[in-house]
Amino acid sequence: MTIWNKKFECISPGELEQLQLERLQSTLNRVSRNVVFYQKIFEREGIIPERIRELSDLRRIPFTSRRTLRAAYPYDMFAVPLREVVRLQTSSGTTQEPIVVGYTRNDVEHWTELVARVLTGAGINRDDVIQISFDYGLFPGALGMHYGAEAVGASVIPASTAGSRRQITVMRDFRSTVLIAAPGYGLRLARMIREMKINPQDLFLRVGLFGAETWSENLRRELEERLRIKAYDFYGLSELFNPGVASECEAQNGLHIFEDHFIPEIIDPGTGRPLDFGEEGELVLTSITKEAFPLIRYRTGDITTLIKGKCSCGRTLVRMARVKGRTDDMFSVLGVSVFPSQVEEILTRIEGTEPHFQIRIDREADREVVKLLVEISPEIFSDEMKKMQKLKREIKGEIYKLLDLEVEVKLVEPGALIGRGEGVRRVIDNRNRG
Ligand SMILES: [Zn+2]
């Protein structure tokens with residue numbers, strides 16, 4: 001398999017450390033000159049960018065978070081004047097309040113290069129026809145992929161939010177070999193292929209790149225089986241590059257983080273204490289090449305681990321495990337802490353359910369009530385009541401057995417919960433409202 005940029009993707013540890021240190025210093029310099037927020041922090045903490053001599057000095061700088069960015073809305077965290085910004089995009093993330101992210105021409109070039117690495121890592125090349133089924137609207141994912149796909153020389157179809165039937169017609173007639181979509185949407189397309197009575201063998205699809213929402217190994221197997229493809233995971237963050245922070249190689253055993261552009265750390269989300277390789281915690285990222293919107297020690301809210309050791313693909317960049325969930329998605333009810341990914345694992349094992357669900361937590365007459373909305377397959381949905389009742393009991397029973405959690409199950413029709421831009425919101429907690 002090919003590696004897009006051997007010089008950086010296979011860099012030696014010593015060279016990487018030197019490169020990171022130089023790039024970190026220049027980033028800290030830039031923000032201390034141009035961003036009031038950082039000027040104040042550096043002054044308060046006595047941090048002088050020129051005196052940062054080791055990467056571990058980074059730990060002296062306080063964390064930033066989504067809250068920091070909301071307070072700076074729209075342009076207070078920008079490190080360049082607006083006239084140097086060539087693109088503006090937004091992210092609504094899991095909260096409803098938007099943030100604005102800007103990119104200079106250099107930022108867009110870096111981003112394009114990183115996405116080319118992502119695609120090459122999944123074995124994609126200039127012979128491929130890539131169908132991008134992400135919303136091209138304000139979110140960065142679709143355009144980010146688009147530029148990278150053009151850079152590797154593939155033919156790109158900006159299918160965007162065309163309806164599922166149209167997507168399949170395009171996929172068949174244009175002979176798409178690669179599908180890029182949210183994993184849930186990939187399943188929906190698989191269902192549509194069946195509905196349209198098309199034999200997956202008559203399609204040309206061979207690779208799927210899925211992201212924008214957390215997904216599991218079970219779902220990977222399901223997508224690979226139903227679409228007859230190899231399915232890859234990628235990771236990005238709308239606040240930095242999305243995609244373009246990390247991605248899987250053919251070993252499919254963790255995602256290589258592009259450490260020549262980002263310095264990763266794992267921390268205990270409760271205390272902020274740095275954690276070691278192999279320990280599960282929140283991913284914190286520092287961007288070291290971004291010009292318009294650099295972020296220092298940014299708390300991503302994503303739960304993962306860093307994987308030490310060589311990868312069979314030859315890349316030396318550190319790997320992160322598939323994201324398990326989000327710190328703000330983890331919920332505690334009646335003393336039980338649950339990640340939505342655990343619910344997904346259970347649902348993919350139950351026949352007749354789609355791994356599309358939403359958890360709603362309410363307080364009713366001083367009692368906490370957890371409702372689980374689950375999409376089910378069309379056959380079951382149109383079937384008799386008895387089957388639906390049986391399925392509801394099965395889901396309730398499995399969740400209780402495995403997570404020790406009492407839920408009310410509501411079955412909803414296929415497609416009812418699917419999101420296209422940044423994925424489905426898995427948890428809605430109404431306990432502290434009103
Ligand atoms: Zn690898």
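Which residue in β12 is the bridge partner of G281? In the predicted model described here, that partner is T304. The pair belongs to a sheet that is described below, after the overall features of the chain.

The protein contains 12 helices and 21 strands. Its radius of gyration is 22 Å, close to the 22 Å that the globule rule gives for 434 residues, so the protein is as compact as a globular protein of that length. The C-alpha trace spans about 70 × 60 × 40 Å along the principal axes. Of the 434 residues, 56% are buried. When contacts between residues at least 6 apart in sequence are considered, 66% of them join residues at least 24 apart. The exposed area of the protein is about 19,300 Å², of which carbon and sulfur atoms supply 47%. Positive side chains number 62 and negative side chains 63, and the centres of the two sets lie 2 Å apart.

The sheet that holds G281 and T304 is an open one of 4 strands, with antiparallel pairing and the order β10-β11-β12-β15. Its edge strands are β10 (262–267) and β15 (325–326), each of which pairs on one side only. Strand β11 comprises residues 281–287 and is joined to β10 by 6 bridges, the two strands running antiparallel. Two positions illustrate the register between β10 and β11: I263 stands opposite T286, and I266 stands opposite L283. Strand β11 also pairs with β12 (residues 298–304), in the antiparallel sense and over 4 bridges; the G281–T304 pair links these two strands. Burial in β11 extends to 7 of its 7 residues, so the strand is largely enclosed by the rest of the structure.

Helix α6 spans residues 141–151, and its buried residues are G141, A142, G144, M145, H146, G148 and A149. The spacing within this set can be read against helix geometry. An α-helix has 3.6 residues a turn, so residues three or four places apart point the same way. In α6, G141, G144, M145, G148 and A149 are among the buried residues. The cover over the buried residues of α6 includes one helix, α5 (105–121), together with the strands β3 (129–132), β4 (155–157), β5 (178–181), β6 (207–210) and β7 (230–235). Following α6 is G153, which has a positive phi near 90 degrees.

Backbone geometry was examined next. Most residues other than glycine have a negative phi, and most peptide bonds are trans. Two cis peptide bonds are described here. One joins Y73 and P74, with omega about 0 degrees, and P74 is placed in the loop between α4 (66–71) and β1 (85–91). Another joins N242 and P243, again with omega about 0 degrees; the loop between β7 and β8 (246–248) holds P243.

Positive phi values occur at R175 and A212, neither of which is a glycine. For R175 the value is about 60 degrees. This residue sits in the loop between α7 (164–173) and β5. With a relative accessible area of 51%, R175 is classed as exposed, because the cut-off for that class is over 50%. For A212 phi is about 85 degrees, and the residue is found in the loop between β6 and α9 (217–227). A212 has a relative accessible area of 36% and is therefore partly exposed. Strands β5 and β6, which border these two loops, are also included in the cover of the buried residues of α6.

A further residue of interest is Y185, which lies in helix α8 (residues 183–195). The relative accessible area of Y185 is 1%, so this residue is buried. Y185 and H356 are separated by 171 residues in sequence, while their C-alpha atoms are 9.7 Å apart in space.

Conventions:
Residues numbered from 1 in each chain as written. Predicted model: local features only at pLDDT ≥ 70, side-chain atom pairs only at ≥ 80, totals over all residues. Heavy atoms only, no water. Rg over C-alpha atoms; globule rule 2.2 N^0.38 Å. Buried < 20%, exposed > 50% of the residue type's maximum accessible area, 1.4 Å probe, protein only. Contact = heavy atoms within 4.5 Å. Areas by Shrake-Rupley, 256 points an atom, 1.4 Å probe, with all protein chains shown as cover. Lys, Arg positive; Asp, Glu negative; His and termini not counted. Charge placed at Lys NZ, Arg CZ, Asp CG, Glu CD. Pairing = 2+ DSSP bridges.
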